[in-house]
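Hi,

Here is the structure I said I would pass on. Have a look through it, and below it you'll find my notes on what turned up.

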Amino acid sequence: MVSIDVWNASVDFPIFDAKSRSLKKLALGKVGGKIESEGRVPIIEALHDITLSLKDGDRVGLVGHNGAGKSTLLRLLAGIYEPTRGQSRIIGKVAPVFDLGVGMDPEISGYENIMIRGLFLGMSRKQMETRVDDIAQFTELGDYLQMPLRTYSTGMRVRLALGVVTSINPEILLLDEGIGAVDAAFMAKARDRLKDLVARSGLLVFANHSDEFLGEFCDKAIWMDEGHVKMFGGLREVLTAYKGYDPFERKHPHEETPVLSGNGGE
Amino acid sequence: MQATSTLDQAEAPPAVKSRSFKRAFADVREAWDHRELWGHLGWQDIKQRYRRSVIGPLWITISMGTTALALGLLYSVLFDTNVPTFLPYVTVGFIIWNFILGCITEGTDVFIANEGLIKHLPAPITVHVMRMVWRQVLFLAHNLVVYAVVLAIFFTALDHPYTITKGGIEHPGISWTIVLAIPGFALLAVNAVWIALLFGVISTRFRDIPPVVNSFINLVFFMTPIVWDAGVLQRVTGGSGDNDWRMLIAELNPVYHFVEVVRAPLLGHAVDWHHWAVVGGFTVVGWFAALVILRNYRARVSYWV
């Protein structure tokens, strides 16, 4: 049974600037005792009082403005951040695809990066070796897999990361925005795999600005605003409230009409 | 606006606390289960470092060889000692010291350097420590080649009772006790893990620690009997034994005991169990401290990096 439960969870980041992040300050602060307000570490409340319950089969879109806490929420759901207050419980094998510039080593080859990502996500070397060919085929990177990752374009990195996570059968798939960097032809391929994955009773949380992607993959949505869950419910309902109009309204009666807000929401 | 589907919210939060020894132990245990990961990453680090050089990791061996040769010759002249016994002594001491140095200095940096991985892939934080220690073990393995060469050259000087400094302790010479180096090194590596965990977490929070450690570590090198023989202390105290305060110069230095449990068997020195006792004590106390830190601050590391 795959599930993510979060109870009244908050994520607060202490911001240690160069001054407060030193022992000297701490020692002096204690001795002096009076500069309390200055000695205290400023805190950014990235997420505030989040209560969520996601189960297998849930396909949840994550919308909200920049800085609303979407990426932080994804990391909370991945277990990377444990809530500073409140509780969280994650049951299932998590595979995150976050910011693609980080978490991959630019100096080593695509093959090596596939291997390392797979090992991090709990696969064994043998299991990854059997999957490497499949990933190579799926990502269409071919001989590029021998090249160091720094020679890759953003789209190629997305391909690599998606290739890894979709080949290892994760139970919980967390996708941050940035997935949109691949071309349409590849997206069509990735779509089939992702749908397949979700159909195998996985759990998907997908942060994206595109109505098209959200409409295709998700049936529920979370609207994040200033670190709060402003709304959690059916996809159409949430998107309507978030955007102020129904993005799917026009689409259904007249399929041929181009969707005006392909990348709306900002 | 209200959340619309709070109805299916699971009722009570679990009683599992984030700050518990159970979670601290789980972190270490899961890191052990991930050994294929850090094993792979450790190798990768070594290959990476010498990626475009022609002779690759052989550089590790070469630089150790030249340093040991130069230091050994220099100090045997300075201290007026016998090169065939003193050079192996300096070589082995320096190899072990390099391992300890790597574990401490890179240990303080272990989480800071892995910020990207920590923030992007969920994994037990001990994984990063294991990767670093494993990398140091691999460095040491490369350096052991130097030991093998030195041992082959000077074996005839070491296979019978000998003294390093004139008037120093007489060592029995290389014998079966050489196998004690294996448990000795295992103990050293186990200690390296707690040191890196403890210093790593503290350094991630207090960024002054790495520079402090880096500036004091050189002092430790000179205080530790590596390029000088602890037997010298015996001589200056007139062999009067362990009661002289000058003996404490070495005895109070924990690094001395760590070096000695590995070095003594490799050189055929007399096995002195009090070093083992000290190291054993540090293992227990150190791991306890590391687990307490891990219990309280394990979940904070991803916030601090």
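Before the hairpin, one term: two strands count as paired here if DSSP finds at least two bridges between them. Also keep in mind that this is a predicted model.

Now the hairpin itself. β8(A) and β9(A) are paired antiparallel through 6 bridges, and A:W223 has A:M231 in β9(A) as its bridge partner. There are 2 residues between the strands of this hairpin, and A:E226 takes a positive phi near 50° there. A:E226 sits in the loop between β8 (220–225) and β9 (228–234) of chain A. Is A:E226 buried or exposed? Neither, quite: the residue is partly exposed, because the number of other C-beta atoms within 10 Å is 14, while a buried residue would need 20 or more and an exposed one 12 or fewer.

β8(A) has another partner in β3 (residues 59–63) of chain A; these two run parallel and are joined by 4 bridges. In that pairing A:G61 stands opposite A:A221 of β8(A). A:A221 turns up again in the largest nonpolar core, which has 149 residues: A:L62, A:L174, A:A221, B:V133, B:A196 and B:L197 are the ones touching the most other members. If you want to follow one of these on chain B, try B:L197. Leaving out neighbours within four places in sequence, B:L197 is in contact with B:T126, B:V129, B:A290, B:I293 and B:L294.

Next, the open sheet. It has 3 strands in the order β2-β1-β4 (chain A), and the pairing is antiparallel. β2 (43–55) and β4 (85–91) of chain A are at the edges with a single partner strand each, so each has one side without a neighbour in the sheet. On average, neighbouring strands of this sheet are turned by 25° against each other, direction ignored. Between β1(A) and β4(A) there are 6 bridges, again antiparallel, and A:S10 is bridged to A:R85 in β4(A).

β1 of chain A (residues 3–14) also holds A:N8, which is worth a look: its phi is positive, about 45°, and it is not a glycine. Most residues other than glycine have a negative phi. A:N8 is partly exposed, because 14 other C-beta atoms lie within 10 Å.

Then there is helix α5 (residues 125–139) of chain A. How far apart are its end C-alpha atoms? They are 20 Å apart, which agrees with the 21 Å that its 15 residues should span at 1.5 Å a residue. Even so, α5(A) bends by about 40° at A:R131. A:R131 is also among the buried residues of this helix, along with A:M128, A:I135, A:F138 and A:T139. The buried residues of α5(A) pack against α4 (110–120) and α6 (154–167) of chain A. Just past the end of α5(A), A:E140 has a positive phi of about 60°.

Finally, some totals for chain A. The chain has 9 helices and 9 strands, and 42% of its 266 residues count as buried. Among its contacts with a separation of 6 or more, 75% are between residues 24 or more positions apart.

If you only have time for a few stops, I'd start with A:E226 in the hairpin of β8(A) and β9(A), then go to the bend at A:R131 in α5(A).

Cheers

Key. Residues are numbered from 1 along each chain as its sequence is written. Chains are lettered from A and ligands numbered from 1 in the order in which they are written. This is a predicted model: local features need pLDDT of at least 70, side-chain atom pairs count only at pLDDT 80 or more; totals for chains, interfaces and linings use all residues. A nonpolar core is a set of buried Ala, Val, Leu, Ile, Met, Phe, Trp, Tyr and Cys residues joined through C-beta atoms within 7 Å. Two residues are in contact if their C-beta atoms, placed from the backbone, lie within 7 Å. The expected span of a helix is 1.5 Å times one less than its number of residues. The bend at a residue is the angle between axes fitted to the seven residues ending there and the seven starting there. Axes are lines fitted to C-alpha atoms, for helices over the stretch in contact, and angles run from 0 to 180 degrees between N-to-C directions.
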